[in-house]
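Please look over the sequence and the structure shown below before reading on. The report that follows takes up a few parts of the chain one after another.

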Amino acid sequence: MDAGRTAVVTQGQKTRASVSRPVTLTVMAKGKKAPAGSGDKLIMKHPEPAFTKVPVQTHPEQKLSVCSKLCFAIGGAPNQVAGSATAFFLQIYLLDVAQINPFQASMVLFIGKAWGAVSDPIVGFFVTKSRWTKIGRLMPWMLGCTPFVVVSYFYLWYVPPFTKGRFIWYLGFYCLYQTLITCFHVPYSALTMFLSTDQRERDSATAYRMTMEVLGTLIGAAIQGQIVASAHTLKHCRHHNVSAGHLGNSSGTEVIRSLALSQDFLSHAKEVYMIAAGVIGGLFLICTVVMFLGVKERDDPYAPKTEKPIPFHKGFVLVMKHGPYLTLTAAFLFISVAIQLVQSNFVLFCTYAVDLREHFQNIVLTILMSAAVSIPFWQWFLQKFGKKTAAFCGITWIMPFTVMLVFIPNLVVAYVVAVSSGLSVAASLLLPWSMLPDVVDDFRLANRNSKGHEAIFYSFYVFFTKFAAGISLGVSTLCLEFAGYDTGACRQPHAVAYTLKLLIGAAPVAFIITGLMILLLYPISEDVRLQNKLALEELRNQTINCRSLREDLNSA
């Protein structure tokens with residue numbers, strides 16, 4: 001087989017191989033296994049980086065239509081719609097509407113996120129074991145779990161009539177929702193590698209996906225924020241304070257009327273949260289159908305059809321030994337924790353720390369609109385200056401502005417910070433999903449005979465980021481418990497406001513700096529990325545030519 005491949009390349013592709021074949025192919029053609037990170041070593045051996053001068057061409061069969069990219073992007077939007085609603089509002093919902101204590105809320109958030117993190121590699125394992133069907137290997141997962149995702153999401157925002165078991169109710173449905181959304185998100189993320197073999201097409205599809213996901217985040221915050229905004233006003237606080245603080249000076253009738261008004265307001269809050277959940281569930285169903293109708297899943301083109309996949313545990317060991325993957329995952333783990341801290345505590349921060357409760361939904365929308373508009377800019381920027389440079393320029397932008405809002409808490413500054421922060425939110429969403437396919441390509445060159453591990457890359461990336469986010473959310477809610485957060489109160493102690501300022505300002509900055517320091521070690525530069533692209537194209541051509549030669553010999 002190896003001799004045949006070498007012969008085909010020598011006889012049939014001399015001209016092209018002399019121009020574009022990197023040193024990697026010499027190693028691969030002899031059947032030797034390149035070590036992880038070998039791309040960097042090969043660059044040092046190559047006399048000059050001539051790869052940037054080679055015109056980039058896309059095979060017609062790998063060209064994605066705008067319609068396919070849009071349908072692919074629309075499929076990922078509902079996950080972000082629901083994720084935006086839970087990220088911004090689940091914490092304050094559990095505390096002020098469901099009225100479970102901060103410790104229980106922290107356990108729901110942490111255990112739910114941790115459960116979702118653990119389910120990612122488990123789902124990834126089963127996805128790798130899935131067989132190809134008429135609609136693909138990944139599509140059945142997404143279609144099958146969608147109805148159950150909608151049901152579990154709705155009951156997550158439903159307040160049961162009992163009070164003693166509410167902690168178990170929300171913990172159970174949050175864990176169920178995390179499991180089911182994982183069954184959707186892991187195959188959807190891995191689907192990027194099965195849209196096209198061309199890096200530019202995949203990057204373009206990723207940009208479409210990130211734009212639509214930011215729009216989904218915007219839509220989720222808009223739907224949830226606008227529908228439930230009336231549940232977090234001060235309209236009921238005057239009656240509540242009269243009944244609680246001036247009980248001795250009020251008649252029994254006034255106290256009963258005040259309590260009734262408070263209960264009516266709480267019933268209204270429960271109702272508007274269920275309405276929002278129903279609307280988002282409907283969007284989930286519609287977007288999944290659109291994706292199914294417009295996206296075609298393609299098989300892995302880099303390996304022979306007769307190749308047997310490596311067992312999951314061996315593939316897992318290979319993936320965990322791949323240096324670029326570990327570096328990228330560790331860096332964006334800290335960065336995503338920072339963004340998650342800002343998301344989950346922002347509504348509480350506006351409500352209790354800076355007295356912007358009447359404007360929080362519009363500030364959130366401004367952040368997400370800025371992010372949605374800036375996605376195309378970051379796509380252009382990463383193509384022009386490289387993905388690593390784009391990550392540093394984009395993510396550092398948020399740090400001075402979050403600190404500014406903590407120290408200058410007024411409405412004008414809040415909107416300036418919102419617009420500026422949206423740029424960094426867009427970069428943090430786009431860059432990791434744009435860089436992961438490059439890591440997978442680098443792995444394919446380093447482990448040529450290993451096939452079908454895309455789900456491992458994506459599921460464990462989500463696992464690490466979810467688990468870290470779960471810990472940070474649990475710890476941040478516990479901090480509110482220690483600061484003396486009063487569930488259902490209209491005003492919170494000064495210690496709670498101070499804690500929220502730390503969670504919005506100092507903590508995210510520290511996590512972002514740590515993540516960027518790790519990202520400095522990321523080895524896949526633009527030269528390495530383009531070298532890997534050309535090497536994989538050559539390997540694919542070798543495989544195609546070997547198959548053609550084998551078919552010709554068999555027919556002869």
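How far apart should the ends of helix 8 be, given the 25 residues that helix 8 contains? The model is a predicted one, and the values below are computed from it. At 1.5 Å a residue, helix 8 (residues 166-190) should span 36 Å, and because its end C-alpha atoms are indeed 36 Å apart, the expected and the computed span agree.

**Helix 8 and its surroundings**

Helix 8 also has a kink of about 25°, and this kink is centred on Thr-182. Is helix 8 largely enclosed or largely open? Of its 25 residues, 19 are buried, so helix 8 is largely enclosed by the rest of the structure.

Ser-189 is one residue that lies in helix 8. With a relative accessible area of 1%, Ser-189 is buried, because a residue counts as buried when this value is under 20%. If its neighbours within four places in sequence are left aside, Ser-189 is in contact with Arg-209, Trp-433 and Tyr-458.

**Two leucines with partners far along the chain**

Leu-109 is found in helix 6, and at 4% relative accessibility it counts as buried. Although Leu-109 and Gly-470 are 361 residues apart along the chain, their C-alpha atoms are separated by 6.4 Å. Gly-470 is also among the residues in contact with Leu-109 once neighbours within four places in sequence are set aside, and the others are Leu-90, Gln-91, Leu-94, Tyr-174, Leu-473 and Thr-477.

Leu-64, in turn, has its place in the loop between helix 4 (38-45) and helix 5 (66-96). Is Leu-64, with 11% relative accessibility, buried or exposed? At that value Leu-64 counts as buried. The C-alpha atoms of Leu-64 and Lys-296 are separated by 9.9 Å, while along the chain the two residues are 232 residues apart. Neighbours within four places in sequence again left aside, the contacts of Leu-64 are with Lys-69, Leu-195, Ser-196, Glu-201, Ala-205 and Arg-298.

**Salt bridges**

Two of the residues in contact with Leu-64, namely Lys-69 and Glu-201, also form a salt bridge with each other. The count of salt bridges in the model comes to four, and the table gives three pairs, including this one, with the distance between their closest N and O atoms.

| Acidic residue | Basic residue | Closest N and O atoms |
|---|---|---|
| Glu-201 | Lys-69 | 3.6 Å |
| Asp-438 | Lys-387 | 2.6 Å |
| Glu-526 | Arg-529 | 3.0 Å |

Which parts of the chain does the salt bridge of Glu-201 and Lys-69, with its closest N and O atoms 3.6 Å apart, bring together? Glu-201 lies in helix 9 (residues 199-228) and Lys-69 in helix 5, so the pair ties together parts that are 132 residues apart in sequence. Glu-201 is buried, with a relative accessible area of 5%, and Lys-69, at 8% relative accessibility, counts as buried too.

In the salt bridge between Asp-438 and Lys-387, the closest N and O atoms are 2.6 Å apart. This pair likewise links distant parts of the chain, for Asp-438 is in helix 17 (residues 411-446) and Lys-387 in helix 15 (residues 387-395), 51 residues apart. Both Asp-438 and Lys-387 are buried.

The salt bridge of Arg-529 and Glu-526 sits within one helix, since both residues belong to helix 21 (residues 526-555), and because they are three residues apart there, about one helical turn separates them. Arg-529 is buried, with a relative accessible area of 15%, whereas Glu-526 is partly exposed, with a relative accessible area of 27%.

**Partly exposed places**

On the surface, Ile-135, Val-289, Phe-292 and Leu-293 form a nonpolar patch, and together they have about 360 Å² of accessible area. Val-289, one of these residues, has its place in helix 11 (residues 252-294), and at 46% relative accessibility Val-289 counts as partly exposed.

Gln-99, found in the loop between helix 5 and helix 6 (102-129), is partly exposed as well, at 43% relative accessibility. What is the sign of phi at Gln-99, which is not a glycine? Gln-99 has a positive phi of about 60°.

Conventions
Residues are numbered from 1 along each chain as its sequence is written. This is a predicted model: local features need pLDDT of at least 70, side-chain atom pairs count only at pLDDT 80 or more; totals for chains, interfaces and linings use all residues. Side-chain values use heavy atoms; hydrogens and water are left out. Helices (H or I, at least four residues) and strands (E, at least two) are DSSP runs, numbered from the N terminus. The expected span of a helix is 1.5 Å times one less than its number of residues. The bend at a residue is the angle between axes fitted to the seven residues ending there and the seven starting there. Buried means under 20% relative accessible area, exposed over 50%, partly exposed in between (1.4 Å probe, protein chains only). Patches are made of residues with over 30% relative accessible area and no salt bridge: like charges are joined within 9 Å, nonpolar side chains (Val, Leu, Ile, Met, Phe, Trp, Tyr) within 5 Å. Accessible areas come from the Shrake-Rupley method with a 1.4 Å probe; for residues, only the protein chains shown count as cover. A salt bridge is a side-chain nitrogen of Lys or Arg within 4 Å of a carboxyl oxygen of Asp or Glu. Contact means heavy atoms within 4.5 Å.
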